[in-house]
Every structure is written in C-alpha cells, then in structure tokens.
Amino acid sequence: MALRNAVLAALLEGPASGYDLAKIFDASVGNFWMATPQQLYRELERMEADGLIEATVVEQSRRPNKRVFTATAEGERVLREFTARAPRPTAIRDELMVQVQSVDAGDAEAVRAAVLERVEWSSAKLARYERLRLRELGGRTEEEHLARGERVGPYLTVRRGISLEQENVRWGEWVLTVLDRRAAARPAHR
C-alpha cells in the first residue's frame, strides 16, 4: 500500500491541513499506517502534483496561512481502485520478536525489560484507542452506530487496533511470567 492511499483515506474525514493530517495519522490512521510528518508533507506535494488532491490557502490572522487539502475526483477514483483490489498479506517486522527469539543466548533481563516496555506502551495505546472508540460512537451503542452511523470505517479500524493491543498486552504479560519463572528456577551464580 502506498502512503497516498492512507492520505486519501484520512481525507475522508474532510478537508485537512498537513498538520491536521499528521494528527489524524497519529489518532486514527496510525492504527494501521505509520508516517512521519516529513513523509506526509512530501507525499502531499507529490499527490498535489499528480492531481489527487488540491490545496486551498486559508488565511489566518495570528498565524501563518495554511494550506487545506481535499481529495479531487481523480483522488477518489484512485481510492476506489485501491479498495477494489485484494490487499497484500501483512508482513511483520518486529525487532522485539527477534530479541525474544534470542533470549536464551542473550541478555534475558534486557529482553524482559523490553517486553515490559511493550506491555506498558500497548496498554497506553489501548486506552487511547478506547477513547477514540467512544468518540466514534458519540453516545450511541455499537449496534446503533454500525447500523446508522454516517461512516463505519474509522470505527472498524479502531476496533482492530483495540484487538491488536489487547493481544499484545496478553502475550507480553504471558512472556513476562515465563521469563520470571525461568529466572527463579535457575541456580544462583556464585
């Protein structure tokens, strides 16, 4: 998937500046696609040159003027084409998994600390996703939102993020238990 598809998906929320898009990426699209602000701004320039988005300058009184982007008809066509094709399988590249795989020959305490950090990070992300989920619902039940909400895509993706982070926490806590048991069973060094 190209970054441009994630940008077009984010613009479904409505017109947005580069700064707004960076926040949207952090809060929602970031559930499944990471991009630095620099990558995002470079992609916006390319997308504008390719006719996928257009920018309008918004004058501000106490701040520099900002450019607000919207998808063009061509951008919407590209997004439709993107959604019509089968996605590639997910490829996981996770440095922590390589460290855990190597724990028997490596520094078990350092690996344990890295797993604990991941559990804490995932727990914090889980709390953020839960806030996003409640904001998406807007006081409705899940069933009401899914049946009558204007857009369900953001809710569906935040639910996926919740599931992933719940599993990360569950797995990480299990790994910590295993590592702690193994450490307690080893004879003390003299």
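Here are some short exercises on this structure, each with a worked solution.

Before you start, note that this is a predicted model, where local features need pLDDT of at least 70, side-chain atom pairs count only at pLDDT 80 or more, and totals for chains, interfaces and linings use all residues. Residues are numbered from 1 along each chain as its sequence is written, and side-chain values use heavy atoms, with hydrogens and water left out.

**Exercise 1. Work out where E43 sits, whether it is buried or exposed, and which side chains it meets.**

Step 1: Find the element. E43 belongs to helix 3, residues 37-49. Helices here are DSSP runs of H or I with at least four residues, strands are runs of E with at least two, and both are numbered from the N terminus.

Step 2: Check the accessibility. The relative accessible area of E43 is 7%, so E43 is buried. The cut-offs are under 20% for buried, over 50% for exposed, and partly exposed in between, with a 1.4 Å probe and protein chains only.

Step 3: Look at the side chain. It makes polar contacts with the side chain of R4 at 3.1 Å and with the side chain of R46 at 2.9 Å. A polar contact is a pair of N or O atoms within 3.5 Å; within protein, one must be able to donate a hydrogen and the other to accept it, and residues adjacent in sequence count only if both atoms are side-chain atoms.

Step 4: Widen the view. Setting aside neighbours within four places in sequence, E43 is in contact (heavy atoms within 4.5 Å) with L3 and R4. L3 is itself one of the buried residues of helix 1, and helix 1 (residues 3-10) is mostly covered, with six of its eight residues buried.

**Exercise 2. Compare V57 and Q60: say where each one is placed and how exposed each one is.**

Step 1: Start with V57. This residue lies in strand 2, and it counts as exposed because its relative accessibility is 55%.

Step 2: List what V57 touches. Not counting residues up to four places away in sequence, V57 touches N65, K66 and R67. The C-alpha atoms of V57 and V68 are 6.3 Å apart, with their positions eleven residues apart along the chain.

Step 3: Move to Q60. You'll find Q60 in the loop between strand 2 (53-58) and strand 3 (66-71). Its relative accessibility is 25%, so Q60 counts as partly exposed.

Step 4: Check the surroundings of Q60. Its side chain reaches the backbone oxygen of P64 at 2.6 Å, and beyond four places in sequence Q60 is in contact with N65 and K66.

**Exercise 3. Test whether the length of helix 8 agrees or disagrees with its residue count, then find what helix 8 packs against.**

Step 1: Get the expected span. The rule is 1.5 Å times one less than the number of residues. Helix 8 (residues 153-185) has 33 residues, so it should span 48 Å.

Step 2: Compare. The end C-alpha atoms of helix 8 are 48 Å apart, which agrees.

Step 3: Find the packing. The buried residues of helix 8, including Y155, I162 and L176, pack against helix 6 (108-137) and helix 7 (142-148).

Step 4: Try a residue on the helix 7 side. H145 lies in helix 7 and counts as buried because its relative accessibility is 2%. Among its contacts beyond four places in sequence are E136, R140 and Y155.

Step 5: Finish with E167. This residue of helix 8 is partly exposed, as its relative accessible area is 36%. The E167 side chain makes a polar contact with the side chain of R170 at 2.6 Å.

**Exercise 4. Find how many cavities of 30 Å³ or more there are, and what lines the largest cavity.**

Step 1: Count. There is one cavity of 30 Å³ or more. A cavity is a set of points on a 1 Å grid over the protein atoms alone where a 1.4 Å probe fits but cannot get out, and lining residues have an atom within 4 Å of a point.

Step 2: Size it. The largest cavity holds about 60 Å³ of space.

Step 3: Name the lining. The residues are A108, E109, R112, L179, D180, A183 and R186. Helix 6 and helix 8 each supply at least two of the lining residues.

Step 4: Sort by class. The lining has three nonpolar, no polar and four charged residues. Ala, Val, Leu, Ile, Met, Phe, Trp, Tyr, Cys and Pro count as nonpolar, Asp, Glu, Lys and Arg as charged, and the others, Gly among them, as polar.

Terms used. On a 1 Å grid over the protein atoms alone, a cavity is a set of points where a 1.4 Å probe fits but cannot get out, and a pocket is an open set with protein on both sides within 12 Å along at least five of seven lines; lining residues have an atom within 4 Å of a point. Grid points are joined across faces, edges and corners, and a volume is the space filled by probe spheres set on the points.
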